[in-house]
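Visitor: I have a model open and would like to know what stands behind the words people use for it. Could you walk me through it?

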Amino acid sequence: MSEEEEQGGRIFFSNVGRSMELEDEIRLTSVGIDIGSSTSHLAFSRIVLERLDTRYMVVERTLLHQSEVLLTPYAGDNEIDAEALGAFIAEQYGRAGLKPEAIDTGALILTGVAVRRRNARAIGEIFSAQTGKFVVVSAGDGLETTLAAFGSGAVARSGRSGRVMNVDIGGGTSKLALCEDGAIRHISAIDIGARVIAFDANRRITRIEEAGYYFARRAAIAIELGALLTAEDARRIAASMVDVLFEAMQGGEMRRETADLHRLPPLPAGPAPDVVTISGGVSEFLYADAEQDFSDLGSLLAVELRQRLANWSPRLERPQQGIRATVVGASQYTVQVSGSTIFVDPLDMLPVRNVPVIKPALAFDEEIDAAAIAQAVRESLARLDLSDGESAVAVCYEWDGSASYRRLDAFCRGVVDGLAPILHNGHPLILVGDGDIGGLVGMHCKQEAGIAKLVSIDGIKLDEFDFIDIGAMLETSGAVPVVIKSLVFPSLGLGHEAFDRD
């Protein structure tokens with residue numbers, strides 16, 4: 001693809017040289033790569049999109065190849081073995097009969113303790129550098145919890161089954177999401193996982209995370225690397241972990257030790273959920289699907305948790321998908337075009353690429369509350385682990401009501417206040433509306449709020465979890481092309497049978 005084409009308005013795929021704007025149907029080959037604290041895996045999919053007005057929608061997806069699960073290799077306590085991981089991924093490309101240049105799009109997600117490893121960022125850059133077409137996400141605790149809630153089907157289930165709690169138990173952490181009316185209400189995460197202690201075929205301990213030492217002490221068991229871990233000692237440690245996990249699941253007041261293990265604030269007090277679903281690797285033992293022994297506490301955690309849940313009022317139901325659902329197929333591409341009611345300053349700021357989208361719950365009452373707008377934006381940033389301000393963020397909103405000066409001013413000031421960490425780091429203010437008000441909002445932010453770098457576009461439909469590319473302005477129309485890359489959460493059955501640990 002030439003530099004002129006890349007900077008222009010049309011979106012081309014370099015491997016076949018086609019323009020999405022000129023086709024009614026697009027077929028993409030996608031890869032999803034999940035590098036977790038305990039396991040890593042990938043999957044290849046074929047996605048078919050059809051044009052709907054100016055937008056392409058996914059109408060078909062086919063799983064082409066799903067890798068086996070690799071225990072994430074480590075070169076040391078603080079570094080992932082990039083060479084071993086690269087060899088595994090290259091082997092899976094071969095088994096799928098695909099070459100990197102044949103991939104149109106994809107997502108690489110770093111999750112769990114893997115995100116905190118010293119070379120995690122470098123790992124992401126290594127694999128995303130294979131093509132410029134990857135969305136790369138370092139999934140911190142908030143985003144990973146949110147991904148698991150959507151990928152497990154808990155969010156959708158809560159729209160018809162009341163309050164649903166999804167507990168995603170991986171190798172290093174457990175993620176809790178309380179869902180109601182088709183939305184996530186509260187999230188939490190705690191240092192409990194299947195591989196906080198791991199051992200070899202002879203039951204000699206090969207790995208101990210800090211939480212592993214804690215739960216061993218709590219069970220009055222001395223452990224050290226190379227020492228023998230008996231089956232009974234492992235059971236007692238797992239029981240101690242489930243005691244704490246169950247306390248966290250009930251929310252509200254808890255022991256100081258349990259609160260200190262949390263990586264996100266504990267769940268608030270409230271009525272018990274109607275339904276509980278368990279996802280992550282431990283779910284494969286809980287629902288009796290797993291046959292592979294990973295020499296860790298996974299199967300024991302499942303046994304202990306099943307016993308606890310049998311005596312708790314919520315119904316235990318099977319998730320529609322494990323967390324693998326977030327990367328099977330990985331991403332979809334859609335294209336929209338933002339019209340003439342836009343505001344971009346300075347013009348040479350475009351294009352921008354791979355900008356994560358937040359969609360805060362904004363109340364457009366007759367009198368817009370700027371403080372409430374700011375708080376909703378902050379909550380969205382926290383939910384997707386974007387509060388540190390390291391990257392630009394696009395705020396998606398659905399304007400309702402008149403565009404009076406007072407309402408515009410309250411909205412703009414609230415958004416600017418909520419995005420303070422992002423703007424403080426020099427990133428542009430990026431606003432995406434669905435109506436026809438982008439120009440007014442942009443001018444107000446520029447003239448009244450004094451924003452120096454600003455992109456305000458409209459006529460675009462977005463959802464949380466989307467990533468967007470905004471292309472350079474088209475000279476002929478003054479519009480800008482927008483490529484939308486969305487994580488795909490597959491329907492029931494796709495990838496459901498696969499084992500996943502983290």
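Visitor: Which residues in α6 meet residues in α7?

Guide: Do keep in mind that this model is predicted. In α6, Phe-215, Ala-216 and Arg-218 meet Ile-237, Ser-240, Met-241, Asp-243 and Val-244 of α7. By class, this contact has 5 nonpolar, 1 polar and 2 charged residues.

Visitor: What makes α6 and α7 roughly perpendicular to each other?

Guide: Helix α6 (residues 210–218) packs on α7 at an angle of about 100°, and the axes lie 8 Å apart. Angles of 65 to 115 degrees count as roughly perpendicular, so the pair is described that way.

Visitor: Why is strand β3 called largely enclosed by the rest of the structure?

Guide: Buried means under 20% relative accessible area. Of the 11 residues of β3 (residues 25–35), 9 are buried, so the description fits.

Visitor: How do you know that β3 and β9 pair?

Guide: Pairing takes at least two bridges. Strand β9 (residues 105–110) and β3 have 6 bridges, in the parallel sense. As an example, Gly-106 in β9 stands opposite Val-31.

Visitor: Which residues have the most contacts inside the largest nonpolar core?

Guide: They are Phe-215, Ile-223, Ile-237, Met-249, Ile-278 and Leu-301, in a core of 45 residues. Helix α7 (residues 231–250) gives the most to this core, with 10 residues. A second, separate core has 34 residues, including Cys-412, Leu-419, Ile-422 and Ile-437.

Visitor: What is Leu-301 in contact with, leaving aside its neighbours within four places in sequence?

Guide: Its partners are Ile-169, Gly-193, Ala-194, Ala-238, Met-241, Val-242 and Val-282.

Note on methods. Residues numbered from 1 in each chain as written. Predicted model: local features only at pLDDT ≥ 70, side-chain atom pairs only at ≥ 80, totals over all residues. Heavy atoms only, no water. Core = buried A, V, L, I, M, F, W, Y, C linked by side-chain atoms within 4.5 Å. Buried < 20%, exposed > 50% of the residue type's maximum accessible area, 1.4 Å probe, protein only. Helix = DSSP H or I, 4+ residues; strand = E, 2+ residues; numbered from the N terminus. Contact = heavy atoms within 4.5 Å. Axes fitted to C-alpha atoms, helices over the stretch in contact; angles between N-to-C directions. Parallel < 35°, antiparallel > 145°, perpendicular 65-115°, else oblique. Nonpolar A, V, L, I, M, F, W, Y, C, P; charged D, E, K, R; others polar.
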